[in-house]
Amino acid sequence: MSNVEVNPAAPRGAAVEDGDSAPQVDVLSARDVPLGGPRAMTVRRTLPQRARTLIGAWCFVDHYGPDDVADTGGMDVAPHPHTGLQTVSWLFSGEIEHRDSLGSHAFVRPGELNLMTGGYGISHSEVSTVSTAILHGVQLWVALPEEHRHTVRNFRHYVPNPVRMGGAEIRVFLGSLAGGTSPVWTFTPLLGAELVLDPRSTTTLPVDPSFEHGLLVDQGDVRMTGTLLRPAELGYLGTGYDTLMLTNETDTLARAVLLGGTPFEEQIVMWWNFIGRSHEDIVEARQAWENASGRFGSVDGYDGDRLPAPALPNATIAPRKNPTRH
């Protein structure tokens, strides 16, 4: 997806309902963001926030749908560039056609992972297919560490098998959880998994204590180690915990996406679809895209023009990192 937002919001709340002894879970509320362009769709964005830039190396969380494509027109994101990051596409319903400047032409369907590595530069398009009636899913970005942020373009497609633990059915698309392990390579330790929780069930998941975690609730009300999360909210839990207790408080199935990783200590500059380390990195990437240089390549097979880069802000884009928790 293409990011047009320039002023991320602050967290809108934090709650611990089981007393001071419960782990502190910060609640990040979603805000509506249009993707831009003549055929824009609106997404719910929970990361980045002003007070939380990353969870592990996860730096961008968009949640959309369920959208009736007959009413909304679905997804049609023209060719656009990326650098310094990986994109992760995960669907709950519908189908999206992916084309990129590596030459990849692939589809993503519910329960399937599309992971694209931008590195030094890549461009791609994303279009919901004519067979899609309801479009529903998440689009996620991963920041690449300095050592690898200029790596070569890459694309991976992976279909994880579901595993069961307690009252949860789990599909691990990145990292390892509950006996499920993804073979897809990441440049920092990461976890990404879809969780479907049985009605009124409680599941305790063993997790890596060196990871911080974020739980994005898609449907149902889910209690995360004592804090209630409602649909479209993202709960954040810091490092130091080796279990994660999740309770579905509803009489129907609940669904959430669990993200995790070791804290990403580097400062990043994030603007439009680029991640760098300085304002100059962003200026250089934007100029390369506007000049149609070979840095990002070209996307074949998309019916339409590519997205132009927005104007740069008048001020210098400052690096950001997560605040220190007290």
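**Note on side-chain contacts in a predicted model**

1. In this structure, which is a predicted model, R230 and D221 form a salt bridge in which the closest N and O atoms are 3.1 Å apart. R230 has a relative accessibility of 43% and therefore counts as partly exposed, since that class covers values between 20% and 50%.

2. A search of the whole structure gives 16 salt bridges, and the pair just described is one to set beside R277 and E266, whose side chains meet at 2.7 Å, N to O. R277 lies in the loop between β27 (274-276) and α2 (279-290), while E266 lies in the loop between β25 (254-261) and β26 (269-271), so this salt bridge ties together parts that are 11 residues apart in sequence. With regard to solvent, R277 counts as buried at 16% relative accessibility, whereas E266, with a relative accessible area of 27%, is partly exposed.

3. The contact between R277 and E266 should be read together with its neighbours, because both residues belong to a network of salt bridges that also includes E146, R149 and D281. A reader inspecting any of these five side chains may wish to display E146, R149, E266, R277 and D281 together, as they are linked in that network.

4. A further salt bridge joins E112 to R109, and here the closest N and O atoms are 3.9 Å apart, which falls within the 4 Å cut-off for such a contact. E112 is buried, with a relative accessible area of 13%, while R109 counts as partly exposed at 33% relative accessibility.

5. Turning to the aromatic side chains, the search of the whole structure finds 8 aromatic pairs. F60 and W141 form a stacked pair, with 3.9 Å from centre to centre and 15 degrees between the planes. This pair links distant parts of the chain, as F60 is in strand β5 (residues 58-68) and W141 in strand β12 (residues 134-143), 81 residues apart. Both F60 and W141 are buried.

6. Elsewhere, W271, W272, F274, W289 and F296 make up one aromatic cluster. Arginine side chains are also found over aromatic rings: the charged end of R255 sits over the ring of F92, at 4.2 Å from the centre of that ring, and R295 lies over the face of Y120, with 4.2 Å to the ring centre.

7. What does the interior hold in the way of empty space? Rolling a probe the size of a water molecule over the atoms shows where such space is left. In this model the search of the whole structure finds 1 cavity of 30 Å³ or more, and the volume of the largest cavity is about 40 Å³. The residues that line the largest cavity are S89, I96, H98, V108, N114, E126 and Q139, and by class this lining has 2 nonpolar, 4 polar and 1 charged residues.

8. A last point concerns L115, which is found in strand β10 (residues 113-117) and which counts as buried at 2% relative accessibility. L115 and R156 are 41 residues apart in sequence, yet their C-alpha atoms are 5.2 Å apart in space.

Terms used
Residues numbered from 1 in each chain as written. Predicted model: local features only at pLDDT ≥ 70, side-chain atom pairs only at ≥ 80, totals over all residues. Heavy atoms only, no water. Buried < 20%, exposed > 50% of the residue type's maximum accessible area, 1.4 Å probe, protein only. Helix = DSSP H or I, 4+ residues; strand = E, 2+ residues; numbered from the N terminus. 1 Å grid on protein atoms, 1.4 Å probe; cavity = no way out; pocket = protein on both sides within 12 Å on 5 of 7 lines; lining within 4 Å. Points joined across faces, edges and corners; volume = space filled by probe spheres on them. Nonpolar A, V, L, I, M, F, W, Y, C, P; charged D, E, K, R; others polar. Phe/Tyr/Trp six-rings, centres within 6.5 Å; stacked < 30°, edge-to-face > 60°. Lys NZ or Arg CZ within 6 Å of the ring centre and 35° of its normal.
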